[in-house]
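Student: Pick one part of this model and give me a close look at how it is packed. Then follow the trail outward, and keep the cut-offs handy for someone who lives at the bench.

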Amino acid sequence: ATMSNPHSHHHISNTQDPDPQFPNPNDDPNPNHPLQPQSHPQPRRPRGFAATSAASAAAGTINKSRKEREKEKERTKLRERHRRAITSRMLAGLRQYGNFPLPVRADMNDVLAALARQAGWTVEPDGTTFRQSPAPAPAPNNTSNMGTYQVMSVESPVSGSSFRNCSTRASVDCQPSVPRINESLSPASFDSIVVTESDTKVDKFTSTSPMNSTGCLEAGQLMQELHCGEHGSSFSETQYVPVFVMLSSGVINNFCQLMDPDGVKQELQQLKSLKIDGVVVNCWWGIVESWVPQKYEWSGYRELFKIIRDFNMKLQVVMAFHENGGSDTSGMFISLPQWVLEIGKDNQDIFFTDRQGRRNTECLSWGIDKERVLRGRTAIEVYFDLMRSFRTEFDDLFTDGLISAVEIGLGASGELKYPSFSERMGWRYPGIGEFQCYDKYSLQNLRKAATSRGHSFWAKGPDNAGYYNSKPHETGFFCERGDYDSYYGRFFLHWYRQVLIDHADNVLTLATLAFEGIQIVMKIPAIYWWYRTSSHAAELTAGYYNPTNQDGYSPVFEVLKKHSVTIKFVSSGLQVPETDDALADPEGLSWQIMNSAWDKEINVAGHNAFPCYDREGFMRLVETAKPRNDPDRHRFSFFAFQQPSPLVQSAICFSELDYFIKCMHEVSKPKLLVFSKNAAAPVSDT
């Protein structure tokens, strides 16, 4: 019955306890049979101290494994950062010296396509790559008496890098491309070399090429230099860039009086001899409207402008709404208007404020742009009233065309940025700076933005962003995988940048109304330190949301394009060593800003951040202003040169400035000079 009814057997087996002395005959005598399922006893769960010890051992193993993974991630990040730095320098070199029109964020496909096109291949947009059959080369001419080789084209100048490491080349066909020389010929076998005048100049002064050494040019070979070649320029086929020189702010005192008219005339006379295109004059809000609101004093500027007109020079004017105490003022401190400072004593929130509550009186906070806290006026209205007064006062100069452009100050140092790098607060290079959004008006704006986003607890600044002199990896906000890339971090940085954009939009809207038909200029800062890190911490505190996965300048330029303004980029002119601890990249930042602006068809001008006294520093400025290998032939609209003190007192800079201006102005095509061995002069001039 049991065998015929399995259900009953199941029931019995579940209800009767088996006798351990009499084994069940249905059990398999071989428990290890491979066809039978294995049954293992459940291990006993440890209790008491044993359980605590086992849990600690397991946790230790997990923590150790996690730490190893984190260390490997950090090592991977360091390798990736090093690789990106190498790639950035390679791309910069290809753009500057190799005639490669690479975009700002070029990838490997862009580099391969540019290299293939340079080698004569055709690369179509879909990636199809092929090479056309070259035209048959004509037989070389015998010029044994001159020892020259046939040049296939004289329309394209040879770049200064063409002769580096003595790898001089020539070609025998006449296709419109750069001259080449048969690679099988050694430099020592040349009887003569065909070069452009510009190349002989750049090798002498700006290149370490062995072209000038005895291995390439023997003692009997001479190189003759002409006009701009006297200064070693290699920009003789680029476009004309006007040069303006900034006059010292100390020429006008705090009572709006011209300090030294004869000294100004002497300075202008020397500048005139350099053939500069004009001068730049700062009109300080703290001087013009110093004591009483809406009472403007222009007498000193009127006298200065009359002298400039007598010298028949163009004039650019800066509406300076910030204070100044820099070296260019010859020790003269210019503050904000006294009546504004009086208001600030009772309401300190009209100034930018850091996380410690310290006030920065360099300029007004953007939080009061639309707050009527300045004797019944908003900050925007105060700026507009000053601009309108200037336009009315000097209407004759605008009508005569003497004033060619007006620059609008939009923040600290006249640049569109937060005052995040204030030395009076203790900042020193290369500190990351601090966020400047802790005045009550900015915090109200932040609270409104956080509430509209549905996260009212986001209405605060980051509390782990370090201090003025911190480094990115020392903070929880700017370090690798830091809070800057969290949901809150992205919200805060977007809001912080939007305040900057709104300020520029509001002020420029009224500036274009006050100066209708006049070129409007605004200044973009050069915040190049920590550029090779993922967070770009210094740019973030200054208001530019430009980490590695964002383009922080494009949204700003969209607004500037709407107002048809010219951006003045502050060029550092610095040569940063590869072992720079600040991971700075001035060249990479320059290329990003200029290409982003040119892509949006915005005119770009230049301004030197530091006084340049040496030839090398001037050459870097010229190379930035006039990219030699740009296929679109972009250039600066003008360059404003800031001198550290009046030019009369800095005669050491006179010859270098003369060289700089000639290079910026040079537009003529270079002459081809054929040099022959043992010749005292060029054999032929083509």
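Tutor: Let's fix the vocabulary first: helices (H or I, at least four residues) and strands (E, at least two) are DSSP runs, numbered from the N terminus. What you have there is a predicted model, in which local features need pLDDT of at least 70 and side-chain atom pairs count only at pLDDT 80 or more, while totals for chains, interfaces and linings use all residues. Residues are numbered from 1 along each chain as its sequence is written, and side-chain values use heavy atoms, with hydrogens and water left out.

I'd pick helix H14, residues 554–562. Just past the end of H14, Ser564 has a positive phi of about 55 degrees. Within the helix, Ser554, Val556, Phe557, Val559 and Leu560 are buried, buried being under 20% relative accessible area, exposed over 50% and partly exposed in between (1.4 Å probe, protein chains only). Which elements cover those buried residues of H14? The cover includes helix H12, strand S10 (519–524), strand S11 (566–571) and helix H15 (586–599).

Now follow H12, which spans residues 487–514. A nonpolar core is a set of buried Ala, Val, Leu, Ile, Met, Phe, Trp, Tyr and Cys residues joined through side-chain atoms within 4.5 Å. The largest one here has 154 residues, and Tyr301, Phe305, Leu364, Phe390, Ile408 and Phe515 touch the most other members. Helix H12 supplies the largest share of this core, with 14 residues. A separate core of six residues lies apart from it, with Leu91, Phe100, Leu102 and Ala114 among them.

Leu364 is a good place to step inside the big core. Contact means heavy atoms within 4.5 Å. Setting aside neighbours within four places in sequence, Leu364 is in contact with Trp285, Leu336, Val340, Ile350, Phe351, Phe352, Leu374, Ala379 and Tyr383.

Two names from that list, Trp285 and Tyr383, also meet each other. Rings of Phe, Tyr and Trp (its six-membered ring) pair if their centres lie within 6.5 Å; planes under 30 degrees apart count as stacked, over 60 as edge-to-face and the rest as tilted. Counted that way, the model has 44 aromatic pairs. Trp285 and Tyr383 make an edge-to-face one, 6.0 Å centre to centre with 80 degrees between the planes. Their pair ties together distant parts of the chain, since Trp285 belongs to helix H6 (residues 285–288) and Tyr383 to helix H9 (residues 379–393), 98 residues apart. Trp285 counts as buried because its relative accessibility is 1%, and Tyr383, with a relative accessible area of 5%, is buried too.

Another pair is formed by Trp298 and Phe394: the ring centres are 5.8 Å apart and the planes at 85 degrees, so this pair is edge-to-face. It also spans distant stretches, with Trp298 in the loop between H6 and helix H7 (299–310) and Phe394 in the loop between H9 and helix H10 (395–400), 96 residues apart. Trp298 and Phe394 are both buried.

Next, the strands. Strand S6 (residues 314–320) is mostly covered, as six of its seven residues are buried. Two strands pair if DSSP finds at least two bridges between them. Strand S5 (residues 278–284) runs parallel to S6 over seven bridges, with Val279 opposite Leu315. Strand S9 (residues 403–408) is also parallel to S6, joined to it by five bridges, and there Glu407 is the bridge partner of Val318.

Two hydroxyl residues round off the tour. Thr624 sits in helix H16 (residues 615–625); it counts as buried because its relative accessible area is 18%. Beyond its neighbours within four places in sequence, Thr624 touches Ser571, Met594 and Phe636. Ser273, in helix H5 (residues 261–273), counts as partly exposed because its relative accessibility is 43%. The C-alpha atoms of Ser273 and Asp658 are separated by 9.2 Å, although these residues lie 385 apart along the chain.

Zooming out, the protein chain has 17 helices and 15 strands, and 48% of its 686 residues count as buried. Of the contacts between residues at least 6 apart in sequence, 75% join residues at least 24 apart.
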